[in-house]
Amino acid sequence: MLFPTIDFAIFFGVVFIGNWLLSRSPGKWKLFILAASYVFYAWYDWRFIFLLVASTLINAVAGRRIFQSRSARVRRRILTLAIVADLGMLGFFKYFDFGAATVDNLIHDVGLQSMPIALLNITEPVGISFFTFMAISYIVDIYHRKLEPSSFADFAVYLSFFPHLLSGPIVRGSELLPQIERSARRNPRDIDFPQAAVLVFGGLFKKVVLSSYVSTAIVEPVFNSPGVHSAPEILLAAYGYAVQIYCDFSGYTDIAIGCALLLGFQFPQNFNSPYAARSIQDFWRRWHMTLSFWLRDYLYIPLGGNRGSRAFTYRNIMITMVLGGLWHGAAWTFVIWGAIHGVAQCVGHWRRDRRLARGLAAQSERPAAIWLQRLVTFHIVCFGWIFFDAPTLNDAFTMVDRLFTTWGDPAPLVRFPVIFVIVFALSMQFIPKRWIAAAEVAFARMTVVAKAAVLAAVLLMITTLGPPGVAPFIYYKF
Amino acid sequence: MTVSTGRRPSSRRNPRLSSAGQILGICLLCFGIWFFLDARQLYQSALTSPLGVRRSVAVAITRPVARVEDFLGVDRLDNAVNRVIGKTGSPGGSAIAPAVTPLTTPPATDGDRHRSKPSHTKHPRPPRPTGPVRIAQPSRAHVLTILDIGDSIGEDLGAGLSDELGNVANVKLIDDSVGDTGLANLGYYDWLAELPADIAKYHPQAVVVMLGGNDGQAFQSGTTVVEFGTPLWHRIYQARVAELMAEATSAGARVIWVGLPVVGPTADLSNSDIETQNAVYAATATTNPAVTYVSSWKLFENSAGQYSTYLTIPGQGLVQVRDADEVHIDPPGGTDLIGSYVVQQMERAWHVRL
């Protein structure tokens, strides 16, 4: 069930009513929201419900056993087993065919007879990465005594809660479980509707209008056939993809956060104007924040973080970013994408350390320098997006090659409306937060009829400007 | 942010906070206003959905409101915006246009002579071709224009052809495939009307067609549903396929009709339905000498004769050729595979070197 559909609107309407009618009966509410979340997930493929149930059972039991055990060895062993089970499921569904194909190609490349490796043609369950990461954070936090195990029902609701189930944000147990435990205390009269409305309708606009338009007007034609497009088209397609993936993914999480808010729950922020970042480190503090903080806390820091030599820190950054790239998909393009971000972060650390050693600020604060930092960061990110979205490494290299060699070729796809939409979408990153807050306050002061009319007008604008039908969100496949 | 304290509301309530009942009221009113203002588009969207209870309910709800909207002219603004932004692809015109081609003519035994009167009868039917149309070897003097049409699988083929022919001198490829289209629901997108317009615009010497992914569904005939796979369905569908072929060949173009590939076990389409449709395309192609039918079925089978997302390509090893939905063709492995294969078939059929 995609968010921007009539199906979801009806589904959410029913869940919204049930959620608040049952809010004073925690037991019934949990049962209801669990059933609703499972229906939502089964809408894609009912068979994957068993996977969600298995993940819930394994991690709920493991969390309890880790907490109850007094032996450090037993605790560590249970944690390891649970993580192996979680990553095993993720690896099997996400990486088995990739691994088999890679091995087969290697055998072929060295000139040996191809050995028959059974390809399973596995259909990847949507959202598996997201709920696996949430489950891992839960058991690791219990292991480190940062979290106490919750009841089975609370944990099942936490893992399957439909607003975050398919594409995040990756909500930690410490963030959502206390809210679920105290669900009866939610007040149906205290809902921040202006904020929720801005998030939901703004998210719809970004996904349905901006992302769809840029995708069909420039990104898909160029990325699908990079060999026949000129440098200006490739450059615009890279900028276009930056806009497309931002509007697509942040649009999804805005809707998810807005829906959760309407049900009385707060999710963490997942995007904070990422293209206004002044360095790649800054970019990762603003882009898919729940994933980057997850990688920091459960991968980078356990690897040793920056508690060692400079080379040791760089190694940890590279491992974290490459694995983060591989998390996005089983392809070498994602590995290269992660490596580009890793190298850029290492260079950023090196520059910062040099400046600090010379007694300078970590970054220059002059306005011209700030804009230059933003420009350079944005172009590194766009360069990475070429590898991220290209179907193969060859295509990515073709694009990079043509980007520097075909400036004189005709560029029929470079048109004013495309440039306008890209510039418009990028400039949205720089809208002051106080403007949005002021708009929310103005909306809050309207009468009920005026609010409905404004939202209807926005909805009409979205359906008029958007294409017929809705493409799936990019991050579903991750 | 939400304040979840469960406290009693004070007399000076925070204006940002609303009650669930109020929000429900605002949302219902919002959807009501939007529904009235956008009824025509919603009606058109309902028409494009597969036949069944869901579609019938959606059409029954949206149709009367769309009529009122039409009567009041509320959709003028919507239409004007669509014109300004150049939004096409979905059917325009009145909201009360029929859902699918109305089959006013009674079913007949000869699909060619008694075929249905589709909604595009405003276009005069061109005469059928009398023999094969020759294609000259592309040169500077004779640039070969190839038009690719079809649905989203046709788009995949277009990407493959674009990679194959993009850098070939004196060959111009126009990819005009439109996703979600086909020959079953002409009320949504009428290829029988669109193709003549494309031919008039681009003057192609060759047309490549690959569609049918959305056609494994019933037609509506007045109030009667013509179920997929029935003899009547076959006659009507074959008549449309023959008509599409004739639209191209009567304008002097050669046609390569590419059949649908085998699909995977979890695909939304069934292989038996696809085989039924492919049989229609292949049989109809034999009735028109300027049409060549090309099967892509075996191209996407593995050595065991089954569907596979990955195939071993000589010189490349194991390559992903199909999308995760097990229907569409994955770029670049699959699109290159079918692109090069179809180009080979063109060379063979037209005796040219591309």
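This passage describes the overall makeup of chain B, two surface patches and the surroundings of one loop residue in chain A, all in a predicted model.

Chain B contains 9 helices and 10 strands, and buried residues account for 49% of its 354 residues. Of the contacts in chain B that link residues at least 6 apart in sequence, 71% are formed between residues at least 24 apart. The accessible surface computed for chain B is about 16,200 Å², with carbon and sulfur atoms contributing 55% of that area.

Residues of both chains appear in a negative surface patch, in which Glu220(A) is joined with Glu155(B), Asp175(B) and Asp180(B). Within this group, Asp180(B) lies in the loop of chain B that runs between strand E3 (171-175) and helix H6 (191-202). A nonpolar surface patch of about 360 Å² is composed of Val198(A), Ile431(A), Trp435(A) and Ile436(A). Ile431(A) occupies the loop between helix H17 (416-427) and helix H18 (433-444) of chain A, and Ile431(A) is classed as partly exposed because its relative accessibility is 36%.

Another loop of chain A, between helix H1 (6-21) and helix H2 (26-42), holds Ser23(A), a residue that is buried, its relative accessible area being 1%. When residues up to four places away in sequence are set aside, Ser23(A) is in contact with Ser183(A), Ala184(A) and Arg186(A). For Ser23(A) and Ser183(A), which are 160 residues apart along the chain, the separation between the C-alpha atoms is 6.8 Å.

Conventions
Residues are numbered from 1 along each chain as its sequence is written. Chains are lettered from A and ligands numbered from 1 in the order in which they are written. This is a predicted model: local features need pLDDT of at least 70, side-chain atom pairs count only at pLDDT 80 or more; totals for chains, interfaces and linings use all residues. Side-chain values use heavy atoms; hydrogens and water are left out. Helices (H or I, at least four residues) and strands (E, at least two) are DSSP runs, numbered from the N terminus. Buried means under 20% relative accessible area, exposed over 50%, partly exposed in between (1.4 Å probe, protein chains only). Contact means heavy atoms within 4.5 Å. Accessible areas come from the Shrake-Rupley method with a 1.4 Å probe; for residues, only the protein chains shown count as cover. Patches are made of residues with over 30% relative accessible area and no salt bridge: like charges are joined within 9 Å, nonpolar side chains (Val, Leu, Ile, Met, Phe, Trp, Tyr) within 5 Å. A salt bridge is a side-chain nitrogen of Lys or Arg within 4 Å of a carboxyl oxygen of Asp or Glu. Lys and Arg count as positive and Asp and Glu as negative; His and the chain ends are not counted. The place of a charge is taken as NZ of Lys, CZ of Arg, CG of Asp or CD of Glu.
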